[in-house]
Amino acid sequence: MTTEELTANVEKALEEIRPFLNSDGGDISLVSIEKGKHVIVRLEGACTSCSVNQMTLRAGVETTIKKFAPQIETVVNIS
């Protein structure tokens, strides 16, 4: 998979999870993809102060990204 295809797949994954985040006043943006296997995202809005944002990141965001791009190993949030 090319870098462009990988980025497009990760963006598709974020588009799938975004409505759930938006419904709680949050959002997410892709910051970068490192070495083709590490995704850096930024949780925004209400997600920054949410007490369960790490669970959302793992159970929701990471799972969805891996569905679209199985080669991704980690998903990390930066504030």
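K67 is exposed, with a relative accessible area of 54%, and this residue is a convenient place to enter the structure, which is a predicted model. The side chain of K67 forms a salt bridge with E16, in which the closest N and O atoms are 2.7 Å apart. Because K67 lies in helix α2 (residues 53–68) and E16 lies in helix α1 (residues 3–23), the pair ties together parts that are 51 residues apart in sequence. E16, for its part, counts as partly exposed, at 34% relative accessibility.

From this pair one can step back to the whole chain. The secondary structure comes to 2 helices and 3 strands, and from the N terminus on these elements run in the order α-β-β-α-β. The C-alpha atoms fill a box of roughly 35 × 20 × 20 Å, taken along the principal axes. For 79 residues, a compact globule would have a radius of gyration near 12 Å, and the protein chain, with 12 Å, agrees with that expectation. Of the contacts between residues at least 6 apart in sequence, 48% join residues that are at least 24 apart. Buried residues make up 35% of the 79 residues, while the chain exposes about 4500 Å², of which carbon and sulfur atoms supply 55%.

The pairing of charges can now be followed further. Side chains of opposite charge can pair when their charged atoms come close. The structure holds 5 salt bridges, and the bridge between K67 and E16 is one that joins helix α2 to helix α1. Within helix α2 itself, the side chains of E62 and K66 meet in a salt bridge, at 3.3 Å from N to O; being 4 residues apart in that helix, E62 and K66 are separated by about one helical turn. The two partners are covered to differing degrees, since E62 counts as buried at 13% relative accessibility, whereas K66 is partly exposed, with a relative accessible area of 29%. Elsewhere, salt bridges that share partners join E15, R18 and D27 into one network. In that network the side chains of R18 and D27 meet at 2.7 Å, N to O; R18 counts as buried at 14% relative accessibility, and D27 counts as partly exposed at 24%.

The strands offer another view, and S32 is a useful residue from which to take it. S32 has its place in strand β1, which covers residues 26–34. Is S32 buried or exposed? With a relative accessible area of 19%, S32 is buried, because the cut-off for that class is under 20%. The side chain of S32 makes a polar contact of 2.7 Å with the side chain of E34, and, when residues up to four places away in sequence are not counted, S32 touches H38, V39 and I40.

The last stop is on the surface, where V31, V76 and I78 make a nonpolar patch of about 190 Å². Of these residues, I78 is found in the segment after β3, the strand that spans 74–77. I78 is partly exposed, with a relative accessible area of 31%, and this value satisfies the requirement for patch residues, which is over 30% relative accessible area and no salt bridge.

How values were computed:
Residues are numbered from 1 along each chain as its sequence is written. This is a predicted model: local features need pLDDT of at least 70, side-chain atom pairs count only at pLDDT 80 or more; totals for chains, interfaces and linings use all residues. Side-chain values use heavy atoms; hydrogens and water are left out. Patches are made of residues with over 30% relative accessible area and no salt bridge: like charges are joined within 9 Å, nonpolar side chains (Val, Leu, Ile, Met, Phe, Trp, Tyr) within 5 Å. Accessible areas come from the Shrake-Rupley method with a 1.4 Å probe; for residues, only the protein chains shown count as cover. A salt bridge is a side-chain nitrogen of Lys or Arg within 4 Å of a carboxyl oxygen of Asp or Glu. Buried means under 20% relative accessible area, exposed over 50%, partly exposed in between (1.4 Å probe, protein chains only). A polar contact is a pair of N or O atoms within 3.5 Å; within protein, one must be able to donate a hydrogen and the other to accept it, and residues adjacent in sequence count only if both atoms are side-chain atoms. Contact means heavy atoms within 4.5 Å. The radius of gyration is taken over C-alpha atoms; the globule rule is 2.2 Å times the number of residues to the power 0.38.
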